[in-house]
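Biologist: I am new to this structure and would like to learn how to read the spaces inside a protein model and the surroundings of a ligand. Could we go through them one after another, with the general idea before the particular case?

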Amino acid sequence: MRVAVIGAGYVGLIQAVGLAHIGHDVVLAERDAERVAAISAGRSPIYEPGLPELLSATLADKSLTVTTSNIDAVAGAEIVFLALPTPQGNEGEADVSAIFLVADELAPVLPEGCLVVTKSTVPVGTNLEVGVRTGRPVASNPEFLREGSAVTDFMKPDRIVIGAQDRSYVDKLVELYRPIDAPILVTDLVSAEVIKYAANGYLAARVTYANAMANVCEAVGADVRDVLLGIGYDHRIGFSFMRPGPGFGGSCFPKDTRALVKLAADAGYEFSLMRGVIATNEEQLARTFAKVVAAAGGDVRGSRVAVWGLAFKAGTDDVRESPALAIVGRLLDAGADVVAFDPQATVPGISAAPDAMAAVDGAEVLLIATEWPQFQRCDLQAVAARMSGSAIVDARNLLDPTAVKAAGLTYTGVGR
Ligand code: UGA
């Protein structure tokens with residue numbers, strides 16, 4: 001099928017490469033000429049396992065082409081995906097102006113009968129408005145890709161959600177995704193829009209529950225890992241998305257939880273549960289920072305702090321709303337001398353060591369902020385020898401406290 005994808009951000013790029021890989025003829029449009037040049041040359045602008053290989057293959061067999069022109073991209077398209085950014089607006093709402101701008105730009109040139117599908121996370125009513133602006137049938141097809149495993153998530157999704165006004169529009173998308181083996185849930189437009197927020201809101205709440213439980217465990221002297229195992233065997237609860245940490249971050253959860261509160265409030269519902277999730281998450285960040293300060297003896301001014309990890313989670317170079325970055329910011333504000341190492345992410349203004357061991361040289365405190373597996377395999381004796389102090393704050397529960405203590409270091413984890 002001839003498909004256009006507008007926007008080569010995270011979602012659009014994976015969607016375009018994925019659809020080309022499963023046999024469609026895809027044109028990907030992106031305004032940023034440098035990004036287009038990189039993608040056209042087979043260079044992935046994001047770190048995402050498996051993506052470079054698929055990108056090269058789909059460019060080579062010409063199932064994927066890339067352009068800077070939205071208008072060229074939609075020529076002859078049967079389906080046009082809008083994968084545009086919906087950043088947070090001033091009051092927590094999602095700012096959908098990029099979507100409407102493109103809808104207006106494309107309206108005069110969209111092929112007759114072509115289906116316009118929104119991939120971006122958008123508030124209720126956005127798709128209807130896109131339909132009005134483009135004069136074409138619309139559908140909502142939210143994405144559930146996780147950074148770091150986006151290619152697998154595209155090829156083997158848990159489900160495909162299609163929201164549409166009319167069944168005839170649905171069939172086109174069902175046909176498009178035929179090579180992918182996944183249950184397809186067909187809903188009305190508004191329900192599909194809400195599903196995406198409901199999923200991210202729930203997952204954020206789960207992580208927050210684990211974090212809050214960790215805090216309870218710290219207070220009463222329990223081990224949160226055992227507590228979460230003990231509840232996880234209950235098949236109604238399960239084990240996934242229950243890893244305590246420094247608080248959730250990334251380009252989605254923080255923005256989507258706030259947008260969910262706003263979306264509900266606009267419709268007259270006070271979503272106090274979700275407000276609590278957001279507030280508890282902020283507390284978790286502050287709590288992690290406080291653990292580093294305590295590990296430095298109550299004041300970090302002038303203390304050298306090594307930070308392992310800057311990305312918002314392992315498997316990505318993305319630092320958007322990264323808890324690691326937020327804590328580093330607070331440490332710098334408090335006068336700490338921070339040296340960081342992340343295997344993929346670098347951040348201007350934060351001194352970076354060439355490797356994890358170099359980062360700990362002369363450090364009083366080591367903070368593990370991102371759960372990269374290589375940190376788990378570190379040589380603790382060498383860490384102890386290279387640090388000037390002896391405190392490890394493990395904000396991801398990555399290390400074995402007994403092994404840390406055996407190396408002559410002190411250990412502060414999360415809820416244990
Ligand atoms: C999330 C969702 O998982 C995807 O389904 C969704 O498509 C995506 O947002 C989106 O809306 O585009 P992502 O932001 O890549 O994906 O990251 P997650 O793996 O969900 O992690 C989010 C945050 O929660 C991270 O800061 C992570 O460290 C934290 N987390 C996650 C925990 O602290 N503990 C856990 O057990 C799981």
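Modeller: Let us begin with an enclosed space, bearing in mind that this is a predicted model. A cavity is a place where a probe fits but cannot get out, and here the second largest cavity holds about 40 Å³ of space.

Biologist: Which residues line the second largest cavity, and which helix gives the most to its lining?

Modeller: The lining is made up of Ile-14, Val-17, Gly-18, Leu-51, Leu-54, Ala-150, Val-151, Phe-154 and Met-155. Helix H1 (10-21), helix H3 (51-60) and helix H7 (150-155) each supply at least two residues of this lining, and H7 gives the most, with four residues. By class, eight residues of the lining are nonpolar and one is polar, while no charged residue takes part.

Biologist: How many cavities of 30 Å³ or more does the structure hold, and how much space lies in the largest cavity?

Modeller: The structure holds two cavities of that volume or more, and the largest cavity has about 50 Å³ of space. Its lining consists of Thr-118, Ser-120, Thr-121, Val-122, Asn-127, Ser-140, Pro-142, Ala-192, Glu-193 and Lys-196. In this lining the classes are three nonpolar, five polar and two charged residues, and H9 provides the largest share, which is three residues.

Biologist: How should I read a pocket, and where does the second largest pocket lie with respect to domain 2 (196-278) and domain 3 (283-412)?

Modeller: A pocket, unlike a cavity, is an open set of points with protein on both sides. The second largest pocket lies between domain 2 (196-278) and domain 3 (283-412), because both domains give residues to its lining. This pocket has about 200 Å³ of space and is lined by 13 residues, of which Phe-248, Asn-281, Glu-282, Leu-285 and Glu-321 lie nearest its centre.

Biologist: Which helices supply at least two residues each to the lining of the second largest pocket, and how does that lining divide by class?

Modeller: The helices are H11, helix H12 (272-295) and helix H13 (323-333), and among the contributors to this lining H12 gives the most, with four residues. The lining has six nonpolar, four polar and three charged residues.

Biologist: Let us turn to the ligand. Which of the 19 residues around the ligand come nearest?

Modeller: Leu-145, Glu-147, Lys-196, Asn-200 and Arg-243 come nearest among the 19 residues around the ligand. Lys-196 also appears in the lining of the largest cavity. Helix H9 (189-220) and helix H11 (253-266) each supply at least two residues of the shell around the ligand, and the largest share of that shell, three residues, comes from H9. By class, the shell has nine nonpolar, two polar and eight charged residues.

Biologist: What distances separate Asn-200, Gly-249 and Arg-396 from oxygen atoms of the ligand?

Modeller: Here it helps to ask which part of the residue takes part. For Asn-200, a polar side-chain atom lies 2.7 Å from an oxygen atom of the ligand, whereas for Gly-249 a backbone N or O atom lies 2.8 Å from an oxygen atom of the ligand. For Arg-396, a polar side-chain atom lies 2.9 Å from an oxygen atom of the ligand.

Biologist: How much of the accessible area that the ligand has on its own does the protein cover?

Modeller: On its own the ligand has 710 Å² of accessible area, and the protein covers 95% of that area.

Definitions and conventions
Residues are numbered from 1 along each chain as its sequence is written. This is a predicted model: local features need pLDDT of at least 70, side-chain atom pairs count only at pLDDT 80 or more; totals for chains, interfaces and linings use all residues. Side-chain values use heavy atoms; hydrogens and water are left out. A residue is near a molecule or strand if one of its heavy atoms lies within 4 Å of it. A polar contact is a pair of N or O atoms within 3.5 Å; within protein, one must be able to donate a hydrogen and the other to accept it, and residues adjacent in sequence count only if both atoms are side-chain atoms. Accessible areas come from the Shrake-Rupley method with a 1.4 Å probe; for residues, only the protein chains shown count as cover. Ala, Val, Leu, Ile, Met, Phe, Trp, Tyr, Cys and Pro count as nonpolar, Asp, Glu, Lys and Arg as charged, and the others, Gly among them, as polar. On a 1 Å grid over the protein atoms alone, a cavity is a set of points where a 1.4 Å probe fits but cannot get out, and a pocket is an open set with protein on both sides within 12 Å along at least five of seven lines; lining residues have an atom within 4 Å of a point. Grid points are joined across faces, edges and corners, and a volume is the space filled by probe spheres set on the points. Domain bounds come from an automatic or database domain assignment.
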